[in-house]
Amino acid sequence: MEEKNFNNLSKEVTPNRLELEDVNLDLKMRGSNLNNAAREGAELEHHLSPWQAMKAYPMAIFWAVLVSMCVVMEGYDTILIGNFFAYPSFAKKYGTYFPNVTTNDGYQLTAAWQAGLGNAGGVGAFFGVLLNGYLVGIFGQKRVLLGSLIVLSAFIFLTFFAPNIQVLTAGEVLCGLPWGVFATIAPAYASEVLPLSLRVYLTSYTNMCFIIGQLIAAGVLDGCLKITSQWAYRIPFAIQWTWPVFLFPILLFAPESPWHLVRKGRLEEAEHSLKRLVRSSAGIDTKETLATIVHTNNLEQELSTGTSYMDCFKGPELRRTEIACVAFAGQVLSGSTFAYNSTYFFQQVGLPSDLTYKLNTGGTGMALFGTLVAWFALMPYFGRRTIYLLGMFTMATILFVIGILNVKTQEHGIGMTQAVLTLAWTLTFQLSVGQLGWALPAEVGSTRLRQKTICLARNSYYIISVISQCLEPYFMNPTEWNLKGYTGFVWGATAFLTFAWAYFRLPETRGRTFGELDILFAKRVPARKFAGYDVSGIEGADVSEVVRKVSEAGF
């Protein structure tokens, strides 16, 4: 085999044998042609550094960033609704008058409506995620994304013009449907259009978009605080129209995922998408890239990997689904409901309201800072498993320390110390689990089930999140269990249990192509042996030969 110069790809622009052969593309993607090209494509992926990949795939990065920006809207809304409860104009419009209530001129949303409205978007997102798993398999990611932007634009009218709390809640549920689509398409699309070395950065970028949405919402809410009319809450709702208007006309020109097109047998279109993603002068042979996709898809078909939700729970896919779901749910199990943006906790330990606001804003800024630090200081040098384990263990330790300090919470400075520890928790969260909770589900699922695996993982997050949000008020409320800082023991325990699970079950996916991951899971390689397991003798081999070797290993 001719040796490639991976250090200077710009000199590799000469066409290979697949380009020179005047044969139908479908025939080129068979037999020895396919195997050899897939082997060369996989070899290139392994040798391509992040900097080389950035220069070779600028348009892939651009489209992945644009698609992920749809998630900004869900992050925006998570901050919006909870803060509206304290707006006098909002409470007067949608609340009930209570003579004994001194705030908001006696108007207040009941606890039931606060819970219902606060969780409405999440409920809608849950069903939107499930629906997305079906729709993407039929229509592809691009068309589903564009359709969701149109639908969201229509549903925002319900929240903007809602005459009562019932219509507003219904509008939030309906807006949640496209939000669920955005949250699961973004990491899947990024993982399918980007090369191996950039995969973790742009799948975890979804998390940054969520934070950006929260920061925008905090700024908008601060700007509307002094408005006393109905526009105090209508303006923040109206701003949500900005994103579909901005994103839709640009995303009309986005390329469809080549993996989806290969699964549909549309190889010519898949190659066209690949050519749109890579710089023409980079020397990347798109037919070799296409060959790796076709080879991986063929391998998964031979390993009996289906495309339905039920297939996510069969054979090796059950393990992959478990890893994706627990890794994503780990964002909540690590204690985020308690320690992330913990305004109520700050109040309970006696901190003044102005300091509480500053700590919250600082915490959100620290989250964004942690994301950038993780990109440049951790991910290039450490594996996903290592970062996830260390992050989860550190967060469990911080939460236990917060709980221990609660014994002395009446002493001067202890409450502030606990507050600072929650900021340290926030930084640790964004350095590790906050990022990888998005990235890991996009990597561990098989390519034929990737979208559905991400959907199941995201919904596991939503389910655990709803449970935690129902429990947290009881932990913290002085009229209920009044645990205050002792709540750290509860979430410290769940974080430690997640750490123990990750130690035994979470494999290392860094530096592994999707084809290699298929082989490792099919051979049931233990999680702690993933990083050093050698698949060089199997990768790029004939599909039937790969299946035979996997079967001999006990599959």
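User: Why is Leu427 called partly exposed?

Analyst: This is a predicted model, and all values are computed from it. Leu427 comes out at 25% relative accessibility, and partly exposed is the range between the buried limit of 20% and the exposed limit of 50%, so that is the class it gets. The residue sits in helix H22, which covers residues 414-431.

User: What does Leu427 touch, leaving out residues up to four places away in sequence?

Analyst: Met366, Phe369 and Gly370. Thr371 is 56 residues from Leu427 in sequence, and their C-alpha atoms are 8.5 Å apart.

User: What makes Phe160 and Phe161 an edge-to-face pair?

Analyst: Two values decide this one. The structure has 27 aromatic pairs by the ring rule. In the pair of Phe160 and Phe161, the ring centres are 4.7 Å apart and the planes make an angle of 85 degrees. Centres have to lie within 6.5 Å to pair, and planes over 60 degrees apart count as edge-to-face, so both tests are passed.

User: How do you know which of Phe160 and Phe161 is buried and which is exposed?

Analyst: Phe160 has 9% relative accessibility, under the 20% limit, so it counts as buried. Phe161 has 51%, over the 50% limit, so it counts as exposed. Ring pairs also join these two with Phe157, Trp231 and Trp241 in a cluster.

User: What about Trp259 and Phe514, and how is their pair classed?

Analyst: Edge-to-face again: 5.6 Å between centres and 85 degrees between planes. Trp259 belongs to helix H14 (residues 258-263) and Phe514 to helix H26 (residues 514-522), so the pair ties together parts that are 255 residues apart in sequence. Both of these residues, Trp259 and Phe514, are buried.

User: What makes Glu192 and Arg450 a salt bridge?

Analyst: The N to O distance between their side chains is 2.5 Å. The cut-off is 4 Å, so the pair qualifies. Glu192 is in helix H10 (residues 165-193) and Arg450 in helix H24, so this bridge ties together parts that are 258 residues apart in sequence. Glu192 and Arg450 are both buried.

User: How many salt bridges turn up in the whole structure?

Analyst: Twelve. One of them pairs Lys287 with Glu271, with 2.6 Å between the closest N and O atoms. Lys287 lies in helix H16 (residues 286-302) and Glu271 in helix H15 (residues 267-277), so that bridge ties together parts 16 residues apart in sequence. Lys287 and Glu271 are buried as well.

User: Arg505 bridges to Glu322, so why do these two count as partly exposed?

Analyst: The bridge itself has its closest N and O atoms 2.5 Å apart. Arg505 is in helix H25 (residues 487-505) and Glu322 in helix H17 (residues 316-333), so the pair ties together parts that are 183 residues apart in sequence. Arg505 has 31% relative accessibility, between 20% and 50%, so it is partly exposed. Glu322, at 25%, falls in that range too, so it gets that label as well.

User: Which residues do salt bridges with shared partners join into one network?

Analyst: Glu192, Arg263 and Arg450.

User: Why is Tyr474 called partly exposed, and which surface patch does it help form?

Analyst: Tyr474 is at 39% relative accessibility, between the 20% and 50% limits, so partly exposed is the label. Patch members need over 30% relative accessible area, so 39% clears that bar as well. The patch is nonpolar, made up of Ile463, Ile467, Leu471, Tyr474 and Trp481, with about 480 Å² of accessible area together. Tyr474 itself lies in helix H24, residues 450-476.

User: And inside, which residues have the most contacts in the largest nonpolar core?

Analyst: Phe84, Phe90, Phe182, Leu194, Leu251 and Tyr388, in a core of 154 residues. Phe84 touches Phe90, Leu221, Ala232, Tyr233, Pro236 and Phe237, with residues up to four places away in sequence left out. In soluble globular proteins, nonpolar side chains tend to be buried together.

User: How much of the whole chain counts as buried?

Analyst: 56% of its 555 residues. The chain has 27 helices and two strands, and among contacts between residues at least 6 apart in sequence, 79% join residues at least 24 apart. About 22500 Å² is exposed, with carbon and sulfur atoms supplying 63% of it.

Note on methods: Residues numbered from 1 in each chain as written. Predicted model: local features only at pLDDT ≥ 70, side-chain atom pairs only at ≥ 80, totals over all residues. Heavy atoms only, no water. Patch = residues over 30% accessible without salt bridge, like charges linked within 9 Å, V, L, I, M, F, W, Y side chains within 5 Å. Areas by Shrake-Rupley, 256 points an atom, 1.4 Å probe, with all protein chains shown as cover. Helix = DSSP H or I, 4+ residues; strand = E, 2+ residues; numbered from the N terminus. Buried < 20%, exposed > 50% of the residue type's maximum accessible area, 1.4 Å probe, protein only. Core = buried A, V, L, I, M, F, W, Y, C linked by side-chain atoms within 4.5 Å. Contact = heavy atoms within 4.5 Å. Phe/Tyr/Trp six-rings, centres within 6.5 Å; stacked < 30°, edge-to-face > 60°.
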